[in-house]
Amino acid sequence: AAKPKLWYFRGRGRMESIRWLLAAAGVEFEEEFLETREQYEKLQKDGCLLFGQVPLVEIDGMMLTQTRAILSYLAAKYNLYGKDLKDTVRINMYADGTLDLMMMIVQAAFKPPEEKEENIAFIVTKAKTRYFPVFEKILKDHGEDFLVGNAFSWADIQLLEAILMVEELSASVLSDFPLLKAFKTRISSIPTIEKFLQPGSQRKPPPDSHYIQVVRHVLQF
Ligand SMILES: CCCCC[C@H]1O[C@@H](O)C[C@@H]1SC[C@H](NC(=O)CC[C@H](N)C(=O)O)C(=O)NCC(=O)O
């Protein structure tokens, strides 16, 4: 079968969780990076963007947009979505939570520089008081290696991605979360994820001024 193809900017944004899920599932994918307004307008003209937005993923003969819809499709397709509906709804709850946390970080990159310190402090506080305590308790309560159903799932992949992103803002953020520290080590050593964490993979770096400039240019905002 043809490899899935991803259209997005050469950066993390909303596409990074999709890259993580595909990589963790051991699925090779192609990428087309949006650098010009013309590329974006061609996708619109060709009717690829349902709501005029990216991420866009071509897979199984479909042109998919809407990040959560794409992630759900991929999680189900690659058996990372639980063994039954009760597992699946828990995976969705946890994944929606980590996505909310990560979107705060994605959007902070577009805020005025003078707000940077304040935004980072807010995000790190949210991570330490709202999100990470929840996952520490889940791991403590069931004592299993994975978040849901004692099996590796999309929820585990996204929690690791979120942990690494918050650690980029505050290296000691896990100091009060010993089970999350062990979780990070355990999930990072899954072979497909270990490979994705190596230099040279399709994992993207934190946003820089060039990325912001390209996004603003392409989307004209
Ligand atoms: C203030 C935050 C701005 C972020 C701008 C973009 O850069 C990325 O880092 C995040 C977004 S992604 C680009 C943006 N896409 C979305 O907002 C998708 C939202 C959708 N619900 C999804 O989950 O896929 C875009 O295409 N906008 C064009 C426009 O709506 O006309």
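This is a short talk on the ligand site, the pockets, the cavities and two backbone details of one structure.

Please keep in mind that the model is predicted.

I will start with the ligand. It sits in the second largest pocket. The shell around the ligand is made of 17 residues, and the closest of them are Y8, V54, Q66, T67 and Y211.

Three polar pairs are worth going through one by one. At V54, a polar backbone atom is 2.8 Å from a nitrogen atom of the ligand. At Q66, the partner is in the side chain: an N or O atom there is 2.7 Å from a ligand nitrogen. At R14, a polar side-chain atom lies 3.5 Å from a ligand oxygen. As for cover, the ligand taken alone exposes 730 Å², and the protein buries 74% of that.

What classes of residue make up the shell around the ligand? Ten of the residues are nonpolar, six are polar and one is charged. In terms of secondary structure, α9 provides the largest share of this shell, with three residues.

Now to the pocket itself, without the ligand. The volume of the second largest pocket is about 450 Å³. Its lining has 21 residues, and those nearest the centre are Y8, R14, Q53, V54 and P55. Two or more lining residues come from each of α3, which is 67-77, α4 and α9. The most come from α9, which gives three residues to this lining. The lining divides into twelve nonpolar, seven polar and two charged residues.

So much for the ligand pocket; next is the other one. The largest pocket has a volume of about 510 Å³. It is lined by 24 residues, with I105, A108, A109, K116 and P207 closest to its centre. Which elements give two or more residues to the lining of the largest pocket? They are α4, α5 at 116-142, α6 at 154-169, and α9. By class, this lining holds 15 nonpolar, three polar and six charged residues.

Put the two pockets side by side. Helix α4 is on the list for the largest pocket, and α4 is also on the list for the second largest. The same can be said of α9, which gives two or more residues to the largest pocket and three residues to the second largest.

Next, the enclosed space. Rolling a probe the size of a water molecule over the atoms shows where empty space is left. Here there are two cavities of 30 Å³ or more.

The largest cavity holds about 40 Å³ of space. Its lining consists of R12, G13, R14, E16, S17, M102, M103, V106, E161 and M165. At least two of these residues come from each of α1, which is 16-24, α4 and α6. The largest share is from α4, with three residues. By class there are four nonpolar, two polar and four charged residues in this lining. R14 is one of the lining residues here, and R14 is also among the residues nearest the centre of the second largest pocket.

The second largest cavity holds about 30 Å³. R12, E16, W20, E161, L164, M165 and R203 line this cavity. Two or more of the lining residues come from each of α1 and α6, and α6 has the largest share, three residues. The classes are three nonpolar, no polar and four charged. For anyone following on the screen, R12, E16, E161 and M165 are in the lining of the largest cavity, and R12, E16, E161 and M165 also appear in the lining of the second largest cavity.

Last, the backbone. Most residues other than glycine have a negative phi, and most peptide bonds are trans. Two places depart from that.

Is the peptide bond from V54 to P55 cis or trans? It is cis, with omega near 15°. P55 is in the loop between α2, at 37-45, and β3, at 56-59. Both residues of this bond were named earlier: V54 and P55 are among those nearest the centre of the second largest pocket. V54 also supplies the backbone atom that is 2.8 Å from the ligand nitrogen.

The other place is D60. D60 is not a glycine, yet its phi is positive, at about 50°. This residue is in the loop between β3 and β4, the latter at 62-65.

To close, the point to take back to the structure is the ligand in the second largest pocket, with polar backbone and side-chain atoms placed as described at V54, Q66 and R14.

Key:
Residues are numbered from 1 along each chain as its sequence is written. This is a predicted model: local features need pLDDT of at least 70, side-chain atom pairs count only at pLDDT 80 or more; totals for chains, interfaces and linings use all residues. Side-chain values use heavy atoms; hydrogens and water are left out. A residue is near a molecule or strand if one of its heavy atoms lies within 4 Å of it. A polar contact is a pair of N or O atoms within 3.5 Å; within protein, one must be able to donate a hydrogen and the other to accept it, and residues adjacent in sequence count only if both atoms are side-chain atoms. Accessible areas come from the Shrake-Rupley method with a 1.4 Å probe; for residues, only the protein chains shown count as cover. On a 1 Å grid over the protein atoms alone, a cavity is a set of points where a 1.4 Å probe fits but cannot get out, and a pocket is an open set with protein on both sides within 12 Å along at least five of seven lines; lining residues have an atom within 4 Å of a point. A molecule sits in a cavity or pocket if more than half of its atoms lie within 2 Å of its grid points. Helices (H or I, at least four residues) and strands (E, at least two) are DSSP runs, numbered from the N terminus. Ala, Val, Leu, Ile, Met, Phe, Trp, Tyr, Cys and Pro count as nonpolar, Asp, Glu, Lys and Arg as charged, and the others, Gly among them, as polar. Grid points are joined across faces, edges and corners, and a volume is the space filled by probe spheres set on the points.
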